[in-house]
Amino acid sequence: MLVRSRHHSILLIFTAILYGAFGTFASVMAAPPATDTPPAIALLLPLKVPALTPAARAVRDGFYAAAQIRGEASRVRVYPTGGGNSVLAAYRQAVLDGAQLVSGPLTHDGVSALAQSNIAAVPTLALNVPDTRIQSLPHLYFFSLSLENEARQVARLAYADGHRKALTVSTQSALMQRVQSAFTQQFQQLGGALVAPYVYSGDKTQLNQIYRAIAATPADMAFLALDYRNARIVRPFLGSQLAIYATSQVNPGSSALAANDLNGVHFMDMPWLLEPDYAAAAPYPRRYTGSPDLERLYAFGIDAFRLARLLLTGTPQTLDGVTGTLTLQSDRHFNRTLVAAQISGGSIIVHNESATAGQ
């Protein structure tokens with residue numbers, strides 16, 4: 001049974017700042033063994049912050065699984081961090097311990113603090129993005145599960161599908177407002193138009209108003225800047241005349257009931273979740289299969305190790321990742337190109353073509 005209804009917000013809040021309150025998840029994989037050998041790769045994760053521990057463990061387990069496949073688990077050392085200055089202290093300690101590369105931090109705040117401190121002394125793969133754009137710094141690279149980037153890809157997909165007039169539905173949360181803005185800006189840059197932005201606050205009256213307005217709207221598509229729970233509520237009020245697009249947050253996983261509620265919705269997600277037979281994913285064991293959000297973070301950890309290993313030997317330009325096709329941009333961000341899919345007849349149909357990789 002899918003447990004998304006309880007834990008669907010893990011990835012959302014991870015992308016925004018990492019977080020809210022969650023139940024306890026037991027780690028499914030032991031931490032890397034302690035060793036006195038200087039680490040080749042240091043992994044900084046907020047394992048000392050209870051609210052962030054589930055996400056941090058999932059990333060750690062994926063990172064370590066990929067290291068085990070390469071026979072390099074002993075080269076990885078995890079540095080648990082808390083909040084505040086502990087991230088910078090852990091980074092300095094990792095470098096003093098002889099780390100050749102640092103992967104982390106995991107939160108917006110931690111990445112922002114690291115970027116502003118200008119202490120990156122070795123190749124560093126930040127596992128999130130800073131709160132604001134910063135000047136490119138030597139050694140510092142960024143890899144994240146950005147929903148804003150997903151929204152831009154969805155805009156390109158919708159435009160490529162021939163849609164030119166969009167209405168959007170979002171909640172009042174800061175994250176979903178940013179997702180809505182990212183979609184709108186990209187769609188307008190391509191030549192599309194925003195017909196009407198709707199905000200859903202949980203009031204069913206709003207949905208009836210949207211339903212009535214659709215009959216008179218010139219829109220040919222709708223974009224849902226919504227999480228899984230809200231998308232299931234809103235979808236029935238959008239009727240059948242509009243093509244509907246959304247981010248990975250609407251992925252119903254194995255729930256046939258949810259798939260029926262979201263019938264017709266186009267979305268994009270990582271190969272790890274959409275293509276079980278994907279060649280790049282074949283070597284790695286599956287974990288967290290009861291929670292798609294934690295599964296995404298586990299896959300994120302796998303690709304984080306793979307990128308870290310490549311950064312040790314050079315500057316990777318592309319990687320066929322389990323989280324998408326990863327391409328290094330000029331601003332040192334690794335962009336993820338996702339897989340396009342549609343929910344149809346209670347099933348997920350994967351498209352053969354995805355949106356282009358540009359930001």
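**Figure 1. Asn118 follows helix α5 (residues 108–117) with a positive phi**. In this predicted model, the phi of Asn118 is near 60 degrees. Within α5, the residues His108, Gly110, Val111, Ser112, Leu114 and Ala115 are buried (under 20% relative accessible area, with exposed meaning over 50% and partly exposed in between, for a 1.4 Å probe and protein chains only). Helices (H or I, at least four residues) and strands (E, at least two) are DSSP runs numbered from the N terminus. Because the model is predicted, local features need pLDDT of at least 70 and side-chain atom pairs count only at pLDDT 80 or more, while totals for chains, interfaces and linings use all residues. Residues are numbered from 1 along each chain as its sequence is written, and side-chain values use heavy atoms, with hydrogens and water left out.

**Figure 2. Thr53 in helix α3 (residues 53–69)**. Thr53 has a relative accessible area of 12% and is therefore buried. Leaving aside residues up to four places away in sequence, Thr53 touches Pro46 and Leu47 (contact: heavy atoms within 4.5 Å).

**Figure 3. An open sheet of 8 strands with helices packed on it**. The strand order is β2-β1-β3-β4-β5-β13-β12-β11, and the pairing is mixed (two strands pair if DSSP finds at least two bridges between them). β2 (76–80) and β11 (318–321) are the edge strands, each pairing on one side only. From one strand to the next, the twist averages 20 degrees. Helix α3 packs on this sheet and touches β1 (41–45), β2 and β3 (101–103), its direction making about 165 degrees with that of β1 (axes are lines fitted to C-alpha atoms, for helices over the stretch in contact, and angles run from 0 to 180 degrees between N-to-C directions). Helix α12 (residues 292–313) also packs on the sheet, where it touches β1, β2, β3, β4 (124–126), β5 (140–143), β11, β12 and β13 (333–337). The direction of α12 makes about 150 degrees with that of β11.

**Figure 4. The hairpin between β11 and β12**. Two strands, β11 and β12 (residues 324–328), pair in the antiparallel sense over 4 bridges, and the hairpin joins them through 2 residues. Gly321 stands opposite Gly324, and Asp320 has Thr325 as its bridge partner. Side chains alternate along β11: Leu319 and Gly321 point to one face and are buried, whereas Thr318 and Asp320 point to the other and are not.

**Figure 5. An open sheet of 7 strands**. Its order is β7-β6-β8-β9-β10-β14-β15, with mixed pairing. The edge strands β7 (193–199) and β15 (347–350) each pair on one side only. On average, neighbouring strands are turned by 25 degrees against each other, direction ignored. Helix α7 packs on this sheet, touching β6 (165–170), β7 and β8 (221–225), and its direction makes about 170 degrees with that of β6. Strands β10 (residues 265–269) and β14 (residues 339–344) pair in the antiparallel sense over 4 bridges; His266 has Gln342 of β14 as its bridge partner.

**Figure 6. The crossing of α6 (residues 147–160) and α7 (residues 174–190)**. The two axes come within 8 Å and cross at roughly 35 degrees. The crossing is right-handed (the near helix is turned clockwise from the far one by less than a right angle; anticlockwise would be left-handed). Residues making the contact include Leu147, Ala151 and Tyr159 of α6 and Met176, Phe183 and Leu190 of α7. The contact residues divide into 13 nonpolar, 1 polar and 4 charged (Ala, Val, Leu, Ile, Met, Phe, Trp, Tyr, Cys and Pro count as nonpolar, Asp, Glu, Lys and Arg as charged, and the others, Gly among them, as polar).
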